[in-house]
Amino acid sequence: MEELQSYSTHTDLALDARDLATAASRGEAIPGIETETKRENGVRITKIKVLNEEGSRALGKMPGHYITIEVPALRQKDSDLQNRVATKFAQEFEQFLVDIGIRKDAKVLIIGLGNWNVTPDALGPLVVENVMVTRHYFELMPDDVGPGYRPVSAVAPGVLGTTGIESSDIVQGIVEKSRPDLVIAIDALASRSLERVNTTIQIADTGIHPGSGIGNKRKGLTKESLGVPVIAIGVPTVVYASTIVNSAFDMMRKHFSEQTSNTGQILGMLDNMHEEERLMLVKEVLNPVGHDLLVTPKEIDEFIEDIANMIASGLNASLHDAVSVDNVAAYTH
């Protein structure tokens with residue numbers, strides 16, 4: 001049997017990793033980690049600080065700041081809720097920029113990672129399509145630019161499979177030429193939680209590694225590689241089949257426990273297995289036959305458009321003072 005680490009749950013979310021680490025520590029505080037959670041009008045915001053290498057090892061995440069905005073009701077396609085989420089995202093992102101020391105006049109480059117032609121991976125390009133780009137006005141007619149705007153440029157570099165060039169190499173060339181003060185990278189993520197797929201937005205100041213959530217090792221977009229701060233914005237749009245099967249066992253156990261106190265007779269040895277051990281077993285069954293598929297919900301077409309608009313309009317409001325955060329919905333396409 002292979003080491004458990006080789007079967008670790010694929011996730012890009014710091015919140016997923018925190019939940020796993022908390023379960024492993026049996027609810028005790030995790031050294032090197034600070035967590036703050038608040039709930040407001042159907043929106044749950046969790047701020048996680050990975051303070052040092054000890055915390056980094058516990059979570060498997062780089063030291064830095066992570067904000068997760070969870071809105072389970074997003075799947076109900078409530079337009080009023082979507083507007084509230086866009087406004088809340090704008091407020092949190094604006095404060096995030098202040099907290100990490102980004103100036104109001106900082107030049108920003110927005111990178112939309114992903115593949116236009118694959119719907120669950122099209123988040124980045126769709127956001128780029130809807131953000132306000134202003135750098136050319138500052139370059140060509142600076143005297144005509146009104147107050148409350150900053151230079152913003154945006155590009156969707158495509159993926160290695162269609163361009164033949166690593167996204168990080170393309171971005172590095174653009175950064176060297178245009179010299180932004182900040183890079184914002186947007187990408188679709190993978191989660192270990194069914195509930196967080198299509199309902200969660202993560203913001204992090206640790207950069208991004210394209211394809212990491214689906215097991216592809218790619219050169220990252222980080223401050224170390226680009227020479228400027230990199231903020232990552234991501235939304236989980238896919239989950240592994242093994243994660244779904246593993247979660248189904250938990251749901252079955254919860255269901256049977258409501259009917260009988262002896263769930264062991266129904267679920268056998270699986271009833272007493274630790275979550276990671278059970279996941280390892282599921283992957284041992286699915287991997288050899290090629291059935292550990294990446295799965296996305298059937299309504300992904302509508303969702304990806306909606307969440308891209310929420311993020312784009314939230315970015316417009318947080319990056320430009322002239323765009324009111326309170327009226328962010330008016331800037332949603």
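**Strands, a ring pair and a surface patch**

In strand β2, Ile-45 is the residue that serves as bridge partner to Lys-38, and I would like to start from that contact before moving through the rest of what is, please keep in mind, a predicted model. The contact belongs to a longer arrangement, since strand β1, covering residues 33-40, and strand β2, covering residues 43-50, pair in the antiparallel sense over eight bridges. Together β1 and β2 form a hairpin with two residues between them, and if you look into the turn you will find Asn-41, whose phi is positive at about 55 degrees.

Let me now turn to strand β6, which takes in residues 182-190. How many of its nine residues are buried? The answer is nine of nine, so to speak, and the strand is accordingly described as mostly covered. On one pairing, β6 goes with strand β4, residues 108-112, in the parallel sense over five bridges, and there you can see Leu-109 standing opposite Val-183 in β6. On another pairing, β6 goes with strand β8, residues 230-240, again in the parallel sense, over eight bridges, where Ala-188 stands opposite Val-235 in β8.

There is also an annotation to mention here, because UniProt, in an unreviewed entry, places the feature "transmembrane region" at residues 226-249. In the model, the end C-alpha atoms of that span lie 43 Å apart, and the span is 42% helix and 46% strand.

Next come the aromatic rings, of which the structure holds one pair. Which arrangement do the rings of Phe-89 and Phe-93 take? Their centres are 5.7 Å apart and their planes are at 25 degrees, and because planes under 30 degrees apart count as stacked, this pair is stacked. Phe-89 and Phe-93 both sit in helix α3, residues 79-99, and because they are four residues apart there, about one helical turn separates them. Both of these phenylalanines are buried.

Finally, let us move to the surface, where Tyr-137, Leu-140 and Met-141 make a nonpolar patch of about 330 Å². Tyr-137 is found in helix α5, which runs over residues 135-140. Is Tyr-137 buried, exposed or partly exposed, and what is its relative accessible area? It is partly exposed, because its relative accessible area of 40% falls between the 20% limit for buried residues and the 50% limit for exposed ones.

How values were computed. Residues are numbered from 1 along each chain as its sequence is written. This is a predicted model: local features need pLDDT of at least 70, side-chain atom pairs count only at pLDDT 80 or more; totals for chains, interfaces and linings use all residues. Side-chain values use heavy atoms; hydrogens and water are left out. Patches are made of residues with over 30% relative accessible area and no salt bridge: like charges are joined within 9 Å, nonpolar side chains (Val, Leu, Ile, Met, Phe, Trp, Tyr) within 5 Å. Accessible areas come from the Shrake-Rupley method with a 1.4 Å probe; for residues, only the protein chains shown count as cover. A salt bridge is a side-chain nitrogen of Lys or Arg within 4 Å of a carboxyl oxygen of Asp or Glu. Buried means under 20% relative accessible area, exposed over 50%, partly exposed in between (1.4 Å probe, protein chains only). Two strands pair if DSSP finds at least two bridges between them. Rings of Phe, Tyr and Trp (its six-membered ring) pair if their centres lie within 6.5 Å; planes under 30 degrees apart count as stacked, over 60 as edge-to-face and the rest as tilted.
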